Amino acid sequence: MIDKYLKTRQKNNSILLVGLDSDFERITENVLDFNKKIISNTHDLICGYKINIAFYEKMGPKGLEILEETISYIRKYTELPVILDAKRGDIGNTAKAYAYYYFEHLAVDSITINPLMGIDTIEPYLEYENAHVFALALTSNTGARDFEIPDKLYLKITRKMNELNKVYKDKVGIVVGATNTEYISEIVKNSNNMLFLIPGIGAQGGNIKELFDSLNNYKNILINVSRAIIFDENPRQKTIEFNNIINKYYQSKE
Ligand SMILES: O=c1ccn([C@@H]2O[C@H](COP(=O)(O)O)[C@@H](O)[C@H]2O)c(=O)[nH]1
């Protein structure tokens, strides 16, 4: 599954994901047209799209249609992988229902999950041949300091996901927020090359240099930027700028 990310990372010389967090309240046109424009203007510069389902659920039934049409558009015109940011976590029977929609119906490449309820809530996803999940480990919000950091949950989750990733052969990665960089080196030490999904750059103010210092040359990463690209007046130019600065640090560590 992660081959797809490696392939597009190489092809477009980019570890950047654009987040289609297309909040209709900030958009004056039809949301599907908005997404199509963003995709046409960015697909050759990035390694994938992350779509946060919340902004589509917010629109009601029409939102799910737009979500599906956006994914079809990405599939038709690009080879880029799609991450559905859904942050799900529920008992096995319910997880099976989520998994069916995401991997059978939408056929996305990865989803995000909340691993708090345990491994049995994650396994229903991993049973799908082409499934890949990113488990929240160290999130980018200030609330990471409520439970994840003081209770070292980020480390427990990293270790457990690392084991699971070996059993399920590269189907598991983790979410590592770019705003809490002081904990990232510990995560790196406990990860055998699991793929990291890194949000927090752009609107949330994560510092790119500090991020790369904390990663200590760890290469298996994808960096997401949503609002700072899609709501910029020139999303293509903004994508180029993010790509250039990210690549400057990523490649200088090679
Ligand atoms: O810890 C996390 C986990 C997920 N996210 C999601 O990533 C994007 C970030 O959007 P920006 O506009 O670039 O801030 C969004 O979908 C979040 O829900 C995160 O930020 N932090």
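Me: Which strand does β2 pair with, and how many bridges join them?
Reply: In this predicted model, strand β2, covering residues 48–52, runs parallel to strand β3, covering residues 82–88, and four bridges join the two. One residue that can be placed in this pairing is Tyr-49, whose bridge partner in β3 is Val-82.

Me: What larger arrangement do those strands belong to?
Reply: They belong to a closed barrel of eight strands with parallel pairing, which runs in the order β1-β2-β3-β4-β5-β6-β7-β8. From one strand to the next, the twist averages 30°.

Me: And which strands does α11 touch?
Reply: Helix α11, residues 235–252, packs on the sheet and touches β1 (16–19) as well as β8, with a direction that makes about 145° with that of β1.

Me: Ok, zooming out, how many helices and strands are there in the chain?
Reply: The protein chain has eleven helices and eight strands. Its radius of gyration is 17 Å, close to the 18 Å that the globule rule gives for 254 residues, so the chain is as compact as a globular protein of that length. Taken along the principal axes, the box filled by its C-alpha atoms is roughly 45 × 45 × 35 Å.

Me: What share of the residues is buried?
Reply: Buried residues make up 48% of the 254 in the protein chain. As for contacts with a separation of 6 or more, 73% of them are between residues 24 or more positions apart.

Me: Switching to the ligand, which residues are closest?
Reply: The ligand is surrounded by 18 residues, of which the closest are Asn-52, Thr-139, Pro-199, Ser-226 and Arg-227. The shell divides into ten polar, five nonpolar and three charged residues.

Me: Which elements each supply at least two residues of that shell?
Reply: Strand β8 (221–225) and helix α10 (227–230) each do so.

Me: Backbone question now: which residue other than glycine has a positive phi of about 55°?
Reply: That is Ala-107, which sits in the loop between α5 (92–105) and β4 (110–113). For context, most residues other than glycine have a negative phi.

Me: Where is Lys-152, and what is its phi near?
Reply: Lys-152 lies in the loop between β5 (133–138) and α7 (153–167), and its phi is near 50°, again a positive value in a residue other than glycine.

Me: Why do Ala-107 and Lys-152 count as partly exposed?
Reply: Ala-107 counts as partly exposed because it has 13 C-beta neighbours inside 10 Å, and Lys-152 is partly exposed with 13 other C-beta atoms within 10 Å. A residue would need 20 or more to be buried, and 12 or fewer to be exposed.

Definitions and conventions
Residues numbered from 1 in each chain as written. Predicted model: local features only at pLDDT ≥ 70, side-chain atom pairs only at ≥ 80, totals over all residues. Near = placed C-beta within 6 Å. Nonpolar A, V, L, I, M, F, W, Y, C, P; charged D, E, K, R; others polar. Rg over C-alpha atoms; globule rule 2.2 N^0.38 Å. Contact = placed C-beta atoms within 7 Å. Pairing = 2+ DSSP bridges. Axes fitted to C-alpha atoms, helices over the stretch in contact; angles between N-to-C directions.
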